[in-house]
Structure formats: C-alpha cells, structure tokens
Amino acid sequence: MALIPMRVLLDHAAENGYGVAAFNVNNMEQIQAIMTAARETDSPVIVQASRGARSYSDDNYLRHLMLAAAELNPNIPIAMHQDHGNSPATCISAIEMGFTSVMMDGSLEEDGKTPASWDYNVKVTREVVQYAHARGVTVEAELGCLGGIEDGQGAGLSEEEAQDHLTDPEEAGQFVAETGCDALAVAIGTSHGAYKFKKKPTGKVLRMDVIREIHKRMPDCHMVMHGSSSVPQELIDIINQYGGEIPETYGVPVEDIQEGIRNGVRKINVDTDNRLAITGAIRKAFEENKAEFDPRYYLKPARAAMAEVCKARMIAFGQAGHAGGVAKKTLEDMIKVYDMQTA
Ligand SMILES: [Zn+2]
C-alpha cells in the first residue's frame, strides 16, 4: 500500500478506541523490525524520523526504505511522520521528501531548546498547517514542554522543571482552534530519553488528569503522548548483565498509556524501549561469541529484539488486528477533506 496520511489512521483509531505506537527509525533494521511486528499482529503503523535521523541516514535512504516497506507490505497502512520539526522549513522539506505527516514543534524556538511564546507557536503551526493541508499532509503540534533532550531536541528540563511546563487544558482548546492542527502533543510530566522518573511514577508526576481534562473539553482531539517508553526493567537488566551501566530509572507504565488511550490519546511515541532492546541484544551477542565479526551476527538478534518490543506495544495499545480496517485514503482525498473544512 502507498504511504497514507497519518490523520486517516488517527481517525480510525478514535472511531475504534485504540492507540497507535509511533516508532522512530534511523536504519533498515529498525524499519524491518517494525514491519515484522506489524505483519505478525496485523497492525497499521506510524514510522517516524527525527531531524537527527534524517541527517544520520540521509533523507533519500530513509525515503526509499519507507517505500520498500510499503511495497513489501501491501496490506499494512503506513504513515511516515517527521518527529519534532523545529521550523516550517524542516516540515516543508519533509513533505517534499514524501512524508505524509509532520510535527511542527513550536513549543520550542527554532533552536529546539528555548521554550517559545504562545504567539510564536500559533504562528509557525498555522503556517505549517496551511502548507501541509494543501497537500493532504497531517500536522501534529505541541503545547507545553516535555523534560529531557533527545537527538538535540528539548529544553533539557528536569523531571521537576517539566512540571512547570504542562499543557493547560483550557489553552489547548484555543490552540487547536487557532492552528487547525490534526493532533496535539501534550506535556504531562514525561521526558524524552531513558531517564524519565527517578521512582515509579505516581499521579503526582505523571499527570494523566491533564489528558482526562483535555478529552472532556475536546472529545474529538487526537492527543499524542511523547516520551512514552515504558523502560522495562528486563531490558535494562540485559544491558547491565552484559557489561552495560544503565542506572536505576523508570518510564511510563503501559497501564497509564492504556488509560490515556481511553481518554483520547491516539499516538504514542516509543523510541527508548527499542534502543534498549537493540543495545541489550548486541551486548549479549558480543559477549557470547567474541570471535564472531560478521555484523549480521549481532544485527539479526538486535532486529528481532526490537520486533518483540514493537509487537508487545502494538498489542497493548490495541492497534493489532486493525490493519485491514483503515480507510484507503490518499493525500489527494485528504486535500478535499481539508478544503471542505475551510470552505
Ligand atoms: Zn517527542
């Protein structure tokens, strides 16, 4: 199947009460892992690339890998999404490169670090919405700031500081109305990367009440949870058992994500868990056969370990079994839908 606009997938998820994991990719093995998991669970998927991934892999390699994934998996709807676009220019270049969805993260200024003003966020998001919707492409926006930094993107807020930058449910309504974005990333106290919480999170630091409140006010708003890896202890244990040194850390429990899904969360960004799975498998392979030097010897188990994580999330988030139900809508179809909205 050709790549589909992400909005089509989010609408189907909302109608059927499920969430969709958005996995980050940088290379062939990661894309293959996601597609294996999607095939085995019959799941529609969101594959996303950060700015860092686009420069690491080069846009052309990424694009052709995605097209190969679509070609080899005609029954799996795939949305290709730019994660954390830092400026309209980044989003426009992604659209030109064939991405079917972009995130304009105007919660930070163009440097990807400084928390931005409301006016700036509205202005750049609207600009991207106008450009993207004219081409049928989906736009995710962000209001509020997450903690941490990933791939050079983030205000570097600590777990405590992130609490001062949560999404305000009242502002969220105004922001969506003013920008016309398709999906809204919300800040609820999570951070990017592996070090989200120092203790198992409670409702005091992982503010699911913010999601419930936004859903109550805007039941049709597709929310996105960033920084939502669960950081499973067993993946950290494998890394540390084979020479790694990952300190004690906690992620977002899958049960909390499921509660989010019951309250309007449709896209859940998962990257760290896959990174942990890959690294653990490679460390284990290195340790078990020190004479081996064929990269396939350690990349194969790494790819398989990531596929297992992807499968578990697809099942937990409810997207499994839904590949066939998603409408076969194209970018051209979505151009008409957006035209009717603005007419
Ligand atoms: Zn993010």
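**Two helix pairs in a predicted model**

Hi everyone. Let's start with helix α5, residues 88-96, and helix α6, residues 118-133: their axes come within 10 Å and cross at roughly 20°. Please keep in mind that this is a predicted model.

What does that angle tell us? Angles under 35 degrees count as roughly parallel, so α5 and α6 are roughly parallel to each other. As for handedness, α5 passes α6 in a right-handed crossing.

If you have the structure open, look at the residues in between. From α5 we have P88, C91, I92 and I95, and on the α6 side they meet V124, E127, V128, Y131 and A132. Sorted by character, this contact has 8 nonpolar residues, no polar ones and 1 charged.

Now on to the second pair. Here we have helix α8, residues 169-179, with helix α9, residues 208-217. Their axes come within 9 Å, and the crossing is at roughly 45°. That angle makes α8 oblique to α9. The crossing of α8 past α9 is right-handed.

Which residues of α8 meet α9? They are P169, A172 and G173, and their partners in α9 are V210, E213, I214 and R217. In this contact, 4 residues are nonpolar, 1 is polar and 2 are charged.

So, to put the two side by side: α5 and α6 are roughly parallel, while α8 is oblique to α9. The α5 contact with α6 has no polar residues, whereas the contact of α8 with α9 has 1. Thanks for listening, and I'm happy to go back to either pair.

Technical notes. Residues are numbered from 1 along each chain as its sequence is written. This is a predicted model: local features need pLDDT of at least 70, side-chain atom pairs count only at pLDDT 80 or more; totals for chains, interfaces and linings use all residues. Axes are lines fitted to C-alpha atoms, for helices over the stretch in contact, and angles run from 0 to 180 degrees between N-to-C directions. Helices (H or I, at least four residues) and strands (E, at least two) are DSSP runs, numbered from the N terminus. Angles under 35 degrees count as roughly parallel, over 145 as roughly antiparallel, 65 to 115 as roughly perpendicular and the rest as oblique. A crossing is left-handed if the near helix is turned anticlockwise from the far one by less than a right angle, and right-handed if clockwise. Two residues are in contact if their C-beta atoms, placed from the backbone, lie within 7 Å. Ala, Val, Leu, Ile, Met, Phe, Trp, Tyr, Cys and Pro count as nonpolar, Asp, Glu, Lys and Arg as charged, and the others, Gly among them, as polar.
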